[in-house]
Amino acid sequence: MGALLSRLYYYREKKVIILGLDNSGKSTILSQLLKYPKKKTMREPYMPPTLGFNMQKTTFKNRKYSLWDLSGNSNIRKYWKCYFTGCNGVIFVIDAADIGRIDENIGILNELVSDEELKQLPFLVFLHKFDKKPNLELWWEKIGEVFQKRKHKICRSTYKEESTVYAGFAWLAYEMK
Ligand SMILES: Nc1nc2c(ncn2[C@@H]2O[C@H](COP(=O)(O)OP(=O)(O)OP(=O)(O)O)[C@@H](O)[C@H]2O)c(=O)[nH]1
Ligand SMILES: [Mg+2]
């Protein structure tokens, strides 16, 4: 009976929220995940800023997910919390080429990491737009300080390479088991 229940839980749809500052690349990453397992590289995406949120369902390696892409607009961020309930994992997307927003990113990450509803959840951080050759080491150091021993993974990503996004998501999927 216990084995059956844990199997049912394993295959139950998991809720993932995709957070990050405006223009960081959340909707682009969502569209990459929706294309899984196609390996065709994207053209430079035309993505208008998300208004409110965009929820899409997908299947990744035989398991179902609802992916909640929330707007990063500063007026909308205060409403992110409304979407935390029932969440199983968090993706945080950073425009790693925008070094001028490092403090803003780290401040928000600190708030998220200490949020009661997100406390037990695995965090996947994408250092996005690495095609622009950002200084990733600086980000790694700062983000490492935020998480310390807490469960997280940092992956670089770009619209030019789906495989990096899939590898990161595979880690999150495993941790949400
Ligand atoms: N160079 C480069 N540009 C990218 C990449 N991914 C996305 N972009 C561009 O970055 C801009 C923002 O991408 P979005 O995916 O809309 O960002 P977002 O985080 O959803 O933004 P909001 O909805 O406003 O919160 C778009 O103009 C994309 O074309 C990438 O890997 N490299
Ligand atoms: Mg968006």
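Two residues are in contact when their C-beta atoms, placed from the backbone, lie within 7 Å of each other. The legends below use contact in this sense. The model is predicted.

**View 1. Helix α2 is mostly covered.** Seven of the nine residues of α2 are buried. They are Lys26, Ser27, Thr28, Ile29, Leu30, Gln32 and Leu33. The elements that cover these buried residues include strands β1, β2 (53–60), β3, β4 and β5, together with helix α5. An α-helix has 3.6 residues a turn, so residues three or four places apart point the same way.

**View 2. The shell around ligand 1 holds 23 residues.** Ser27, Met47, Pro49, Thr50 and Gly72 come nearest to the ligand. Helix α2 gives the most to this shell, with three residues. By class, the shell divides into twelve polar, six charged and five nonpolar residues. Ser27 also appears in View 1, among the buried residues of α2.

**View 3. The largest nonpolar core has 34 residues.** Ile18, Ile91 and Phe92 touch the most other members. At least two core residues come from each of the strands β1 (14–20), β3 (63–70), β4 (89–95) and β5 (123–128). The helices α2 (26–34), α3 (102–113), α4 (136–147) and α5 (162–175) each supply at least two as well.

**View 4. Phe92 and its contacts.** Leaving aside residues up to four places away in sequence, Phe92 touches Leu19, Gly20, Leu109, Leu112, Phe123 and Val125. Phe92 is one of the three residues that touch the most other members of the largest nonpolar core.

**View 5. Strands β5 and β6 run parallel.** Five bridges join β5 to β6 (residues 152–156). The chain passes from β5 through α4 to β6, and this β-α-β crossover is right-handed. Phe123 stands opposite His152 in β6.

**View 6. His152 is a buried residue of β6.** It counts as buried because 22 other C-beta atoms lie within 10 Å, and the threshold is 20 or more. With residues up to four places away in sequence left out, His152 touches Pro122, Phe123, Val125 and Phe147. Two of these contacts, Phe123 and Val125, are also touched by Phe92. His152 and Leu121 are 31 residues apart in sequence. Their C-alpha atoms are 8.9 Å apart in space.

**View 7. Two lysines in the loop between β5 and α4.** Neither is a glycine, yet Lys129 has a positive phi of about 65° and Lys133 has a positive phi of about 55°. Is Lys129 buried or exposed? Lys129 counts as buried because it has 23 C-beta neighbours inside 10 Å. Lys133 counts as exposed because it has 9 C-beta neighbours inside 10 Å; the limit for exposed is 12 or fewer.

**View 8. Glu137 lies in helix α4.** Glu137 counts as exposed because it has 8 C-beta neighbours inside 10 Å. Glu137 and Tyr46 are 91 residues apart in sequence. In space, C-alpha to C-alpha, they are 28 Å apart. Helix α4 also supplies at least two residues of the largest nonpolar core, and the crossover from β5 to β6 runs through α4.

Key. Residues are numbered from 1 along each chain as its sequence is written. Chains are lettered from A and ligands numbered from 1 in the order in which they are written. This is a predicted model: local features need pLDDT of at least 70, side-chain atom pairs count only at pLDDT 80 or more; totals for chains, interfaces and linings use all residues. A nonpolar core is a set of buried Ala, Val, Leu, Ile, Met, Phe, Trp, Tyr and Cys residues joined through C-beta atoms within 7 Å. Helices (H or I, at least four residues) and strands (E, at least two) are DSSP runs, numbered from the N terminus. Two strands pair if DSSP finds at least two bridges between them. A crossover is right-handed if, with the strands pointing away from the viewer, the path from the first strand over the helix to the second runs clockwise. A residue is near a molecule or strand if its C-beta atom, placed from the backbone, lies within 6 Å of it. Ala, Val, Leu, Ile, Met, Phe, Trp, Tyr, Cys and Pro count as nonpolar, Asp, Glu, Lys and Arg as charged, and the others, Gly among them, as polar.
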